[in-house]
Protein chains: 2
Amino acid sequence: VSSLKKKFRSSCIIASALDLIGDKWSLLIVRDMLLFQKKTFKEFVTSDEKVATNLLSSRLKMLESLRIITKQKLSSNKKENIYLLTEKGIELAPLIMELVLWSDKYVRAYNDNMNTLENETDKQSLIISTQDGYRAFTQQIIQ
Amino acid sequence: VSSLKKKFRSSCIIASALDLIGDKWSLLIVRDMLLFQKKTFKEFVTSDEKVATNLLSSRLKMLESLRIITKQKLSSNKKENIYLLTEKGIELAPLIMELVLWSDKYVRAYNDNMNTLENETDKQSLIISTQDGYRAFTQQIIQ
């Protein structure tokens with residue numbers, strides 16, 4: 001924790017959050033876990049954004065040190081590390097949803113290839129079903 | 001617009017938004033405008049995060065090119081550029097609010113100096129009053 005102190009640019013609530021998770025990759029790792037239920041290094045590395053393995057390693061370590069994710073080995077597979085979101089990570093869902101909605105409305109004009117939104121349910125129920133789906137997934141994994 | 005194409009890492013809605021506004025400074029400029037109604041280079045540069053002037057210049061240009069902000073001179077002051085959020089920028093309020101709520105709950109443990117939240121009204125009315133307040137401010141400025 002003490003090594004993090006120097007990271008903070010100011011006492012601003014917004015800036016402090018960005019200082020922790022505002023880099024180019026952290027939220028995409030959370031996205032891969034929360035929305036696509038990815039859980040291994042191998043799965044993260046295959047994402048379309050083609051993150052460099054050293055960057056991915058460092059971001060996973062950082063997210064783990066912030067307790068946004070946990071790393072563990074399962075008794076059924078002692079070789080591979082399994083990464084799961086904590087509740088702190090799962091609670092990034094509303095932020096990610098707002099990013100999706102703003103992007104769908106305003107960024108599409110700049111990126112012709114952008115995926116379309118499949119779900120047309122309301123925001124709040126989509127957030128809750130995503131979070132509940134992820135919690136059920138983690139229960140299934142760690143058992 | 002075409003020069004932006006190369007910026008996008010993938011077709012993901014979330015990654016594309018981060019490719020445009022996910023750098024270390026853009027959201028803090030939007031914060032300064034939306035929450036503190038700052039409107040000049042001089043005002044932005046005095047923020048606690050002490051952004052370097054060349055970085056601030058480049059981010060203002062970038063936000064202007066994305067039409068998240070406008071730059072104009074007022075008839076009452078022909079020397080100074082006045083920066084105002086467009087509706088596209090004002091609609092980042094829900095995203096910023098989610099960042100505030102998550103940070104207040106989970107980042108505080110890492111930054112002892114973090115500001116406390118003053119407002120305890122509900123999220124949706126705080127977003128709307130912030131946006132309406134900013135719209136009224138811009139009307140007052142440009143008249």
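Start at the salt bridges between the two chains: in this predicted model, two of them cross the interface of chain B and chain A. Select A:Glu91 and B:Lys105 to see a salt bridge whose closest N and O atoms are 2.9 Å apart. Now show polar contacts between the chains as well; 22 residue pairs, both at pLDDT 80 or more, are joined this way between chain B and chain A.

Which helix of chain B gives the most to the side that touches chain A? Colour H6(B), which supplies 11 residues. Helix H1 (13-21), helix H2 (26-34) and helix H5 (87-90) of chain B are also among those that supply at least two residues each.

Next, widen the selection to the whole interface. Here 56 residues of chain B are in contact with 56 residues of chain A. Together the two chains bury about 5000 Å², with 67% of that on carbon and sulfur atoms. Pick out B:Ile13, B:Trp102 and B:Tyr110: they provide 18% of the area that chain B buries against chain A, more than any other three residues.

Zoom out to see how the copies are arranged. Turning chain B by 180 degrees, with 0.0 Å of shift along the axis, superposes it on chain A with an RMSD of 0.0 Å. This is the relation of a two-fold axis. To find the axis from chain B, select B:Leu95, whose C-alpha is the nearest in that chain at 2.9 Å. The copies meet through the same surface, because 100% of chain B's interface residues are also interface residues in chain A.

Finish in the largest nonpolar core, which has 96 residues. Select A:Ile68, A:Leu85, B:Ile68 and B:Leu85, the members that touch the most others. Around B:Leu85, look for contacts including B:Val30, B:Met33, B:Ile90 and B:Tyr134.

Notes:
Residues are numbered from 1 along each chain as its sequence is written. Chains are lettered from A and ligands numbered from 1 in the order in which they are written. This is a predicted model: local features need pLDDT of at least 70, side-chain atom pairs count only at pLDDT 80 or more; totals for chains, interfaces and linings use all residues. Side-chain values use heavy atoms; hydrogens and water are left out. A nonpolar core is a set of buried Ala, Val, Leu, Ile, Met, Phe, Trp, Tyr and Cys residues joined through side-chain atoms within 4.5 Å. Buried means under 20% relative accessible area, exposed over 50%, partly exposed in between (1.4 Å probe, protein chains only). Contact means heavy atoms within 4.5 Å. Copies are superposed by least squares on the C-alpha atoms of residues with pLDDT of at least 70 in both. Buried area is the accessible area (1.4 Å probe) that two parts lose on being put together, summed over both. A salt bridge is a side-chain nitrogen of Lys or Arg within 4 Å of a carboxyl oxygen of Asp or Glu. A polar contact is a pair of N or O atoms within 3.5 Å; within protein, one must be able to donate a hydrogen and the other to accept it, and residues adjacent in sequence count only if both atoms are side-chain atoms. Helices (H or I, at least four residues) and strands (E, at least two) are DSSP runs, numbered from the N terminus. Lists of a residue's contacts leave out its neighbours within four places in sequence.
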